[in-house]
Amino acid sequence: MQRDWEGGRDISRDAKEAGVQKATAKSVGSDNGGFFFLYGYGVTGKTFIWKTLSTAVRSKGLIVLNAASSGIAALLLPGGRTAHSTLAIPIEIKEASSLTMEKDSPRADLVRAAKLIICDEAPMMHQWCFEAVDRSMCDIMSKNDPLNEFIPFRGMTVVLGGDFRQILPVVRKATRHDIFDASINSSKILAYSNVLRLTVNMRLSASSVPVEQE
Ligand SMILES: Nc1ncnc2c1ncn2[C@@H]1O[C@H](COP(=O)(O)OP(=O)(O)OP(=O)(O)O)[C@@H](O)[C@H]1O
């Protein structure tokens, strides 16, 4: 374990090696933002990292929006809410949907003021949800800098996380192929992300066993 972040919390060596804190801190500190996907199997410490990242960024007086695809997952995050509630994602999502958030609303002001958006259990959400966020960020963030239009999530630091071996999006009467298609894995947006990988089972961290070897 290594002691890091101003929150004074311990972050695992695995996360340190994956460059989680370094990459996000650099991105939060810049105006260009960044898009990351924290990929790790169950118990590799993703929730622990969300808490550590939030504490570190909030300790600098900056705003972090903690969201998750489901209410249960959101309960594990400090100040967590569902992604649909935080970002006004339409419940009935369509391919060309946008967020139901007015550019000049208080909620849009909060999003603009945020330095970091975390979304846990992202593989459970339909890929169109993220595309709607990306599309609408163009409108919401362009108030700050028109050049942001050419950057994923328009200059916001967004960290998605989850495990594709857990629950995938629920699509009514769908075939396996439809479900795969609905997953963020099939979205072109993921190609713009920096994938950070966690491999060590933190519950068995004393032995530091990579999950693949269990
Ligand atoms: N850096 C750490 N130091 C000490 N314990 C840790 C650390 N990271 C995680 N843990 C412990 O490991 C266990 C699993 O961590 P966590 O719940 O964050 O994993 P997860 O990847 O979010 O799991 P899941 O995908 O199932 O939600 C927890 O009991 C947590 O307290």
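This is a short tour of a predicted model, going from the ligand site to a serine in a loop.

**Stop 1: the ligand and its shell.** Start by selecting the ligand together with the 15 residues around it. Those that come nearest are V43, G45, K46, T47 and F48. Colour the shell by residue class and you should find five nonpolar, six polar and four charged residues. Now highlight helix α3, residues 46-58. This helix supplies three residues, the largest share of the shell.

**Stop 2: polar contacts to the ligand.** Zoom in on the oxygen atoms of the ligand and show the backbone of V43. There, a backbone N or O atom of V43 sits 3.0 Å from a ligand oxygen. Next, pick F48, where a polar backbone atom is also found 3.0 Å from an oxygen atom of the ligand. For a side-chain partner, turn to Q166: an N or O atom in its side chain lies 3.2 Å from a ligand oxygen. If you switch on a surface here, keep in mind that the ligand taken alone exposes 630 Å², of which the protein buries 71%.

**Stop 3: S193.** Leave the ligand and select S193, in the loop that runs between α8 (176-182) and β8 (194-198). Is S193 buried or exposed? Its relative accessible area is 11%, so S193 counts as buried, the cut-off being under 20%. Show its side chain and follow it to the backbone oxygen of L190, which it reaches at 2.7 Å. Finally, add F35 and F37 to the selection: S193 is in contact with both, leaving aside its neighbours within four places in sequence.

Key
Residues numbered from 1 in each chain as written. Predicted model: local features only at pLDDT ≥ 70, side-chain atom pairs only at ≥ 80, totals over all residues. Heavy atoms only, no water. Near = heavy atom within 4 Å. Polar contact = N/O pair within 3.5 Å; in protein donor to acceptor, adjacent residues only side chain to side chain. Areas by Shrake-Rupley, 256 points an atom, 1.4 Å probe, with all protein chains shown as cover. Helix = DSSP H or I, 4+ residues; strand = E, 2+ residues; numbered from the N terminus. Nonpolar A, V, L, I, M, F, W, Y, C, P; charged D, E, K, R; others polar. Buried < 20%, exposed > 50% of the residue type's maximum accessible area, 1.4 Å probe, protein only. Contact = heavy atoms within 4.5 Å.
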